[in-house]
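Reader: I'd like to learn how to read a fold from its model. Could you walk me through this one?

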Amino acid sequence: MIVWGKRGAFGAVGHAACQLTVSTEYLDIETNWPTGCGGSAIDTAAARVSLGSMAELRLEDLSASNIVAANSLSLKPGQEQFIAPVTYSAESSVVDPATAWQRVALLDDRVVGFIHGNFDPENEHEEFRACIWRINVDAEVQGKGVGRFLATALAEEAKRRGFDRITVLWEPGEEGPEAFFHRIGFTDIGETAYGDVIGALAL
């Protein structure tokens, strides 16, 4: 069900990795979260965001046609250490493939980002009911708003499903994603038994 270890090893479609890939990309993207994250859900291939002189981003389901490209997203040096917080690895058994929400961001038909979310309102672990399990943005386009685009899409989907917040876990560290999550509205609400921070964003 869940693949851990080597970055990008999603396995078969429908069995995508529940790693959380984080990076310094999160530290220099736009800092304002869309007000209220309102509006309708962002459907496959419908979400778009301007990247200035670059083409528009599109959101698509993770599928057989794009999973190889999603597996191949690169990281900048030093980012590998933040791929998978210990808590996600230890608690991987709580994730049901049927509750996974997996999308890729495309720029000029090239996969430049990936997000894995989980929507499981009955999960006994509150922090896993509507959460980000993984965000990864290709090194070449980090800092261009791709991470914000993906997080916003997941927030819109969560709101459409009736959730009033989304959560994420991250490993503390100077080069980690904490500043990014704080700037887009996440606040620290606790810590796991393994020392990972639990962040929450009200919708």
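Author: Sure. Let's begin with a handy rule: the expected span of a helix is 1.5 Å times one less than its number of residues. Keep in mind that this model is predicted.

Reader: How does that rule work out for helix 3, and what distance separates its end C-alpha atoms?

Author: Helix 3 covers residues 146–160, so its 15 residues should span 21 Å. The end C-alpha atoms are 21 Å apart, which agrees. Just past the end of helix 3, G162 has a positive phi of about 95 degrees.

Reader: Is helix 3 largely enclosed or open, and how do I tell?

Author: Use the cut-off first: a residue is buried when its relative accessible area is under 20%. In helix 3, 13 of the 15 residues are buried, so the rest of the structure largely encloses it. For the whole protein chain, buried residues are 52% of the 203.

Reader: Let's zoom out. What order do the elements follow along the chain?

Author: Starting at the N terminus, you get β-α-α-β-β-β-α-β-α-β-β. That comes to four helices and seven strands.

Reader: And how do I read the sheet?

Author: The general idea is that strands of a sheet pair through backbone hydrogen bonds, either parallel or antiparallel. Here the seven strands form an open sheet in the order 1-2-3-4-5-7-6, with mixed pairing. Strand 1 (57–61) and strand 6 are the edges, each pairing on one side only. On average, neighbouring strands are turned by 30 degrees against each other, direction ignored.

Reader: Where does helix 3 sit relative to that sheet?

Author: Helix 3 packs on it, touching strand 1, strand 2, strand 3, strand 4 (130–137) and strand 5 (165–170). The direction of helix 3 makes about 35 degrees with that of strand 3.

Reader: Which strand pairs can I trace residue by residue?

Author: Try strand 2 (residues 100–107) and strand 3 (residues 110–119), which run antiparallel and are joined by eight bridges. There, A105 has G113 of strand 3 as its bridge partner. Then look at strand 6 (residues 187–191) and strand 7 (residues 197–202), also antiparallel, with four bridges. G190 stands opposite I198 of strand 7.

Reader: What lies between strand 6 and strand 7 in their hairpin?

Author: Five residues, and in this hairpin G195 takes a positive phi near 90 degrees.

Reader: Last one: how much of the contact network links distant parts of the sequence?

Author: Take the contacts with a separation of 6 or more: 70% of them join residues 24 or more positions apart.

Conventions
Residues are numbered from 1 along each chain as its sequence is written. This is a predicted model: local features need pLDDT of at least 70, side-chain atom pairs count only at pLDDT 80 or more; totals for chains, interfaces and linings use all residues. Side-chain values use heavy atoms; hydrogens and water are left out. Helices (H or I, at least four residues) and strands (E, at least two) are DSSP runs, numbered from the N terminus. Buried means under 20% relative accessible area, exposed over 50%, partly exposed in between (1.4 Å probe, protein chains only). Two strands pair if DSSP finds at least two bridges between them. Contact means heavy atoms within 4.5 Å. Axes are lines fitted to C-alpha atoms, for helices over the stretch in contact, and angles run from 0 to 180 degrees between N-to-C directions.
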